[in-house]
Amino acid sequence: LARSRTSIKCRAGQLLQYLKCDIGHNKFQTNSNKCNRDSYIMKTKIVNGWLLAREEKDMGYKNWSPNQNWQNGVIYRGMQYCKDFRGALDIGACYGATSKILAKNFKKVYSYEPNNPFYECAKRNLKKQTNVTLFNYGLSSKTEEKKLHVNSYGGRSTVIENFGISRLPDGKIKPQVMLEPVNVKLNRLDDLDFSRLPHIDLIKIDVEGWEEEVVLGGLTTIEK
């Protein structure tokens with residue numbers, strides 16, 4: 001009987017560890033494929049249905065659920081200029097809020113997010129949007145690696161050091177925190193393979209001051 005109880009406890013412990021690993025790897029996959037509870041589970045949180053990085057302070061995710069129109073439907077103003085809705089690019093996808101709206105309106109969406117924690121969260125947030133393909137790199141005028149200055153307001157993260165400040169409606173500076181910079185990979189838009197997305201009808205670029213570099217690296221694609 002004692003052996004049976006010990007065996008049951010052992011198996012229960014193994015199962016619990018397996019579940020922790022499984023949950024973790026769904027959130028943050030790394031090349032090592034090791035289960036590390038701090039690395040995988042403790043760095044995320046759920047806010048109003050969104051999976052976010054634990055440090056995220058953007059209150060927008062509390063105000064807009066994943067089924068609502070992000071930022072009061074700002075993306076729809078851009079879509080007013082589209083004659084067709086075959087394909088769209090979301091450059092600077094962050095947690096996938098804009099990609100989710102684009103997916104409802106376009107046949108296929110390619111989304112780009114260089115910061116790995118945001119990218120992994122976006123994968124979960126966009127799991128039901130099967131027409132979205134998410135890429136874990138950013139875009140620029142040349143293929144390069146740069147430091148991304150990660151902001152506690154995730155959408156303010158940028159490769160430009162000390163770029164701008166965020167303010168509240170009353171003019172006060174938002175209580176944002178600059179986190180540890182991370183190295184990210186950047187590619188040229190014109191060097192990418194769009195054989196499975198031959199028609200691009202909308203390009204959304206929101207990369208905090210790096211928009212010109214993205215355009216310079218994609219002039220041929222944009223002209224098409």
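This is a short tour of selections to make in your viewer, moving from a sheet to a helix and then to three single residues. Keep in mind throughout that the model is predicted.

**The sheet**

Begin by selecting the strands E5, E4, E3 and E9, which in that order make up an open sheet of 4 strands with parallel pairing. At the edges you will find strand E5, residues 132–135, and strand E9, residues 202–205, each of which pairs on one side only. If you look from one strand to its neighbour, you can follow how neighbouring strands of this sheet are turned against each other by 15° on average, with direction ignored.

Now narrow the selection to residues 87–91, which form strand E3, and residues 108–112, which form strand E4; the two run parallel and are joined by 5 bridges. Within this pair, pick out Asp90, and opposite this residue, in E4, you will come to Ser111.

**The helix across the sheet**

Add residues 97–105 to the view, and you will have helix H5, which lies across E3, E4, E5 and E9 and runs at about 175° to E3. How many of the 9 residues of H5 are buried? The number is 7, so this helix is largely enclosed by the rest of the structure. To see them, select Ala97, Thr98, Ser99, Lys100, Ile101, Leu102 and Ala103, which are the buried residues in H5.

**Two residues with positive phi**

Most residues other than glycine have a negative phi, and the next two stops are worth a look with that in mind. Go to Asn48, in the loop between strand E1 (44–47) and strand E2 (50–53), where phi is near 55°, a positive value in a residue other than glycine. Asn48 has a relative accessibility of 37% and therefore counts as partly exposed.

Then move to Glu208, which sits in the loop between E9 and helix H7 (211–216). Glu208 is not a glycine either, yet its phi is positive, at about 50°. Is Glu208 buried or exposed? Its relative accessibility is 8%, and because buried means under 20%, Glu208 counts as buried.

**A histidine in a loop**

For the last stop, select His149 in the loop between strand E7 (144–148) and strand E8 (182–188). With a relative accessibility of 13%, His149 counts as buried. If you leave aside its neighbours within four places in sequence and display what His149 is in contact with, you should find Ser157, Thr158, Val159, Ile160, Glu161, Met178 and Pro181.

Note on methods:
Residues numbered from 1 in each chain as written. Predicted model: local features only at pLDDT ≥ 70, side-chain atom pairs only at ≥ 80, totals over all residues. Heavy atoms only, no water. Pairing = 2+ DSSP bridges. Axes fitted to C-alpha atoms, helices over the stretch in contact; angles between N-to-C directions. Contact = heavy atoms within 4.5 Å. Buried < 20%, exposed > 50% of the residue type's maximum accessible area, 1.4 Å probe, protein only.
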